[in-house]
Amino acid sequence: MYQIESVLYTLYQIYFYMVIVYILMSWLPNARESFIGEWLGKFVEPYLRPFRRFIPPLFGVLDISPIVALIVLQLALNGLISILRYFVY
């Protein structure tokens with residue numbers, strides 16, 4: 001059981017940092033057009049797109065949807081681990 005939790009948490013951390021790096025790349029000119037930026041975009045953008053659709057940028061420039069997306073990702077991880085613990089114990 002603890003191996004499954006460990007794998008899930010490790011996958012969460014990897015994806016969390018992928019989202020953070022992708023967000024930080026938006027501050028650098030042409031960083032998202034690089035190989036790494038395009039590669040990260042293929043993995044991160046499909047997850048962020050629904051949040052951007054429903055949460056408009058504040059003042060037209062400040063996009064808080066990645067923060068909400070990361071909170072939802074954390075809640076999903078906690079929920080999944082709780083469900084796994086319920087069925088195993």
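Let us start with α3, where S65, P66, A69, L70, L73, L77 and I81 are buried. Everything described here comes from a predicted model. The cover over those buried residues of α3 includes α1 and α2. In general, an α-helix has 3.6 residues a turn, so residues three or four places apart point the same way.

**Two helices side by side**

The table sets out α1 and α3, with the stretch each one occupies and its end-to-end reach.

| Helix | Range | Number of residues | First to last C-alpha | Expected span |
|---|---|---|---|---|
| α1 | 2-25 | 24 residues | 34 Å | 34 Å |
| α3 | 65-88 | 24 residues | 34 Å | 34 Å |

For α1, a rise of 1.5 Å a residue predicts a span of 34 Å, and the end C-alpha atoms are indeed 34 Å apart, which agrees. The reach of α3 is likewise close to its expected value.

Now look at the buried side of α1. Its buried residues are E5, L8, Y12, Y15, M18, V19, Y22 and M25, and they pack against α2 and α3.

**The nonpolar core**

Which residues have the most contacts inside the largest nonpolar core? They are V19, V44 and L48, in a core of 17 residues. At least two residues of this core come from each of α1 (2-25), α2 (35-54) and α3 (65-88). The helix that gives the most is α1, with seven residues. As a general tendency, nonpolar side chains in soluble globular proteins are buried together.

L48 is a good residue to click on. Setting aside neighbours within four places in sequence, L48 is in contact with V19, Y22, I23, P66 and A69. Among these partners, V19 and Y22 are buried residues of α1, while P66 and A69 are buried residues of α3.

**The largest pocket**

The largest pocket has a volume of about 280 Å³. Its lining is made up of 13 residues, and I23, W27, D63, P66 and I67 lie nearest its centre. Two or more lining residues come from each of α1 and α3. By type, the lining divides into nine nonpolar residues, one polar and three charged. Two names return here: I23 and P66, both nearest the pocket centre, are also contacts of L48.

**A residue in the loop**

Finally, visit N30, which is found in the loop between α1 and α2. Its phi is near 60°, a positive value in a residue other than glycine. Is N30 buried or exposed? With a relative accessible area of 62%, N30 is exposed, because that label applies over 50%.

Notes
Residues are numbered from 1 along each chain as its sequence is written. This is a predicted model: local features need pLDDT of at least 70, side-chain atom pairs count only at pLDDT 80 or more; totals for chains, interfaces and linings use all residues. Side-chain values use heavy atoms; hydrogens and water are left out. A nonpolar core is a set of buried Ala, Val, Leu, Ile, Met, Phe, Trp, Tyr and Cys residues joined through side-chain atoms within 4.5 Å. Buried means under 20% relative accessible area, exposed over 50%, partly exposed in between (1.4 Å probe, protein chains only). Helices (H or I, at least four residues) and strands (E, at least two) are DSSP runs, numbered from the N terminus. Contact means heavy atoms within 4.5 Å. The expected span of a helix is 1.5 Å times one less than its number of residues. On a 1 Å grid over the protein atoms alone, a cavity is a set of points where a 1.4 Å probe fits but cannot get out, and a pocket is an open set with protein on both sides within 12 Å along at least five of seven lines; lining residues have an atom within 4 Å of a point. Grid points are joined across faces, edges and corners, and a volume is the space filled by probe spheres set on the points. Ala, Val, Leu, Ile, Met, Phe, Trp, Tyr, Cys and Pro count as nonpolar, Asp, Glu, Lys and Arg as charged, and the others, Gly among them, as polar.
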